[in-house]
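User: Please take me through this entry; I will ask as we go.
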Amino acid sequence: MRKLPTTIIVALLLIIEIYPLVWLLLGSFKTNREFLEEPVWSLPSSFNFDNYVDAWTTGNIAQYATNSIIAVFPALFFMLVMGTAAGFALEVMVWKGRNGVLLAFLTGIMVPGQMILLPLFTVYFQTGLSGTLWPLIITYTATGLPLTVFMMATYFRSVPREVFEASTLDGATILRSFFSVGLPMIKNAIFTVALVQFFFIWNDLLIALTFTNSTDLRTIQVGLLNFNGEYGSTNYGPLFAAICINVFGTLAIYLFLNQRVQKGLTAGSVKG
Amino acid sequence: MKQVLGDRKSILILIGPALLVYTLVMLVPVVWSLGYTLFEGNAIIGFQFVGLDNFARMLTDARVHEALWFTIRYAIVITIGQVFFGYLLSLLYVFVLKKSSGIIRTLAFFPVVLPTVAVALMFQKMFEVAPQNGLVNEFLNLLGLESVDWFGNSGSAFLVIAIMDIWRSMGFYGVLLYAGLVDIPEDVLESARIDGASGWRLVRHIVLPLSLPVLLSSIIFSINGTLKVFDSILALTNGGPGTSTSPLTIYMFQTSFTYGEYGYGSSIALLLTLLCLVVTVFIFRSSRRDLTKG
């Protein structure tokens, strides 16, 4: 009986969410002439990938994507290793001052990035790291730690303590319990946190913009921003293709792992 | 047992690296940044001690006032917008689509994972007026209306920013609030229905009060994020036209890196940090009081 309004609401929602993306995708196949002379909702006359080739090679998107990969994955790795170990020490092990340390990590979630940019910029400049991707790797690792530590501590809380007590009784040192008992038990959690942090770092603009001063260090987001300045006003096709590479690349990961991304992102954020 | 779980050397090995990196790259810079607020200059030309001059300057700087006012306006409008539309979405998922909401949730979540810069550039082209009409203006023309230069004045530019950021985030709040709504026990809803509550009345008197905690944490989360807005506005309007859509974050960035004024930039960053802190503490406190009362 209430089928029709529901259908209309859902249809409207789908148009709002999907149509801009469809329009973007269609635009990426259009020639510049089609952009300027035909209505915006017209279909491209042919589906050739010239714009993509342009964006990827002459537009340097390939280089920017490579930079992003070089900066993001080491940072993810360091952040996860340190964060998981710290989460374990804070939640499973018993020592004085662990609440204070956890609190110190937690406050890091609230601090705006702007607050640490200038000192870091100074240090990276003085130590000569400025011309490399190290500033990004280091900064991403550190800024990701608060949330990682906090989420890992939460996950370790859900592992029954008896498990670790048992392995201790069996004669394992605590480090051994961590590596052969703790880590395997929260493998899934680590993957979820990795996914959440991947989206945060991959999409970051502020830190990347601050610490990449030369063209060949730009990450994909900074590259795209500059791409707009250099090509955007004159050359629509490659710009649309460049945006598409960004959008549909991310979307592919999301569609593949969608339940996990939704759960991870919402869990990670609210608790932060 | 206790000895093993409290083994100092192991604790140090496990938490040492994280604590060290976190302290060096976040805690020390925060304190260092506080120190900068008392100086003028930058890393290249050197620093000069100026005492509280930077704070005095902030009090009279019209651009700081404009940026602060924009940041607050933005935070309020976007928070209301994204939590409101998110709540509508979550109600749609739970009460209308019920078990079949999975696909719609997945689709409505799309914009959340997309890179902000890409989304902002897409909206720039959608609302464009020259050299060619974007999607929105073309649609207006179709309805017989004039094209609008959306980025030409601060009011309409703000509107586009709001539309974009709400579009970007409502799916996120939809899922977040959905998680809160599915926790409401079915028998509570059932007994309310038997008592004759339905539709709006059910939402108003049963669902809304019961989902208040998750609504409040959404609001805190949203305000905390919106006060720090940077990427989306930078890529969409670059703070323009003029400086009319520059939040504190963008003004801080320009002061520091375009004009090389580290001291003043740090002071603006401190203002932003304090704003985040005060707002969060304030909402957290008032929400806790209300909850214990209700």
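User: What is the relative accessibility of Asn238(B), and how does it count?
Analyst: Asn238(B) has a relative accessibility of 46% and therefore counts as partly exposed; buried means under 20% relative accessible area, exposed over 50%, and partly exposed in between (1.4 Å probe, protein chains only). This is a predicted model, in which local features need pLDDT of at least 70, side-chain atom pairs count only at pLDDT 80 or more, and totals for chains, interfaces and linings use all residues, while side-chain values use heavy atoms and leave out hydrogens and water. Residues are numbered from 1 along each chain as its sequence is written, with chains lettered from A and ligands numbered from 1 in the order in which they are written.

User: What is the phi of Asn238(B), and where is the residue found?
Analyst: Its phi is positive, about 50°, although Asn238(B) is not a glycine. The residue is found in the loop between helix 12 and helix 13 of chain B; helices (H or I, at least four residues) and strands (E, at least two) are DSSP runs, numbered from the N terminus.

User: Which peptide bond is cis?
Analyst: The bond joining Gly240(B) and Pro241(B) is cis, with omega about 0°. Pro241(B) lies in the loop between helix 12 (231-236) and helix 13 (248-258) of chain B.

User: Over to chain A: what is the phi of Asn60(A)?
Analyst: Near 70°, again a positive value in a residue other than glycine. Asn60(A) sits in the loop between helix 3 (50-56) and helix 4 of chain A, and its relative accessible area of 30% makes it partly exposed.

User: What confidence does chain A get?
Analyst: The mean pLDDT of chain A is 89, and 97% of its residues score at least 70; pLDDT is the predictor's confidence in each residue, from 0 to 100. Among the elements of chain A, helix 4 (residues 61-91) has the highest mean, 95, and helix 14 (residues 258-271) the lowest, 77.

User: Pockets next. How much space is in the second largest pocket?
Analyst: About 1,500 Å³. Of the 45 residues lining the second largest pocket, Leu13(A), Ile16(A), Phe85(B), Leu88(B) and Leu89(B) are the closest to its centre. On a 1 Å grid over the protein atoms alone, a pocket is an open set of points where a 1.4 Å probe fits, with protein on both sides within 12 Å along at least five of seven lines, and lining residues have an atom within 4 Å of a point.

User: Which helix gives the largest share of that lining, and how do the lining residues divide?
Analyst: Helix 4 of chain B gives the largest share, 13 residues. The lining of the second largest pocket has 38 nonpolar, 4 polar and 3 charged residues.

User: What does Thr116(B) touch?
Analyst: Arg168(B), Asp231(B) and Ser232(B), not counting residues up to four places away in sequence; contact means heavy atoms within 4.5 Å. Thr116(B) is in helix 6 of chain B and counts as buried, because its relative accessibility is 10%.

User: And where is Leu38(B)?
Analyst: In the loop between helix 2 (8-36) and strand 1 (39-42) of chain B. At 28% relative accessibility, Leu38(B) is partly exposed. Beyond its neighbours within four places in sequence, its contacts are Gln48(B), Phe49(B), Val50(B), Gly51(B), Leu52(B) and Asn54(B). Leu38(B) and Asn54(B) are 16 residues apart along the chain, and their C-alpha atoms are separated by 6.9 Å.

Methods. Points joined across faces, edges and corners; volume = space filled by probe spheres on them. Nonpolar A, V, L, I, M, F, W, Y, C, P; charged D, E, K, R; others polar.
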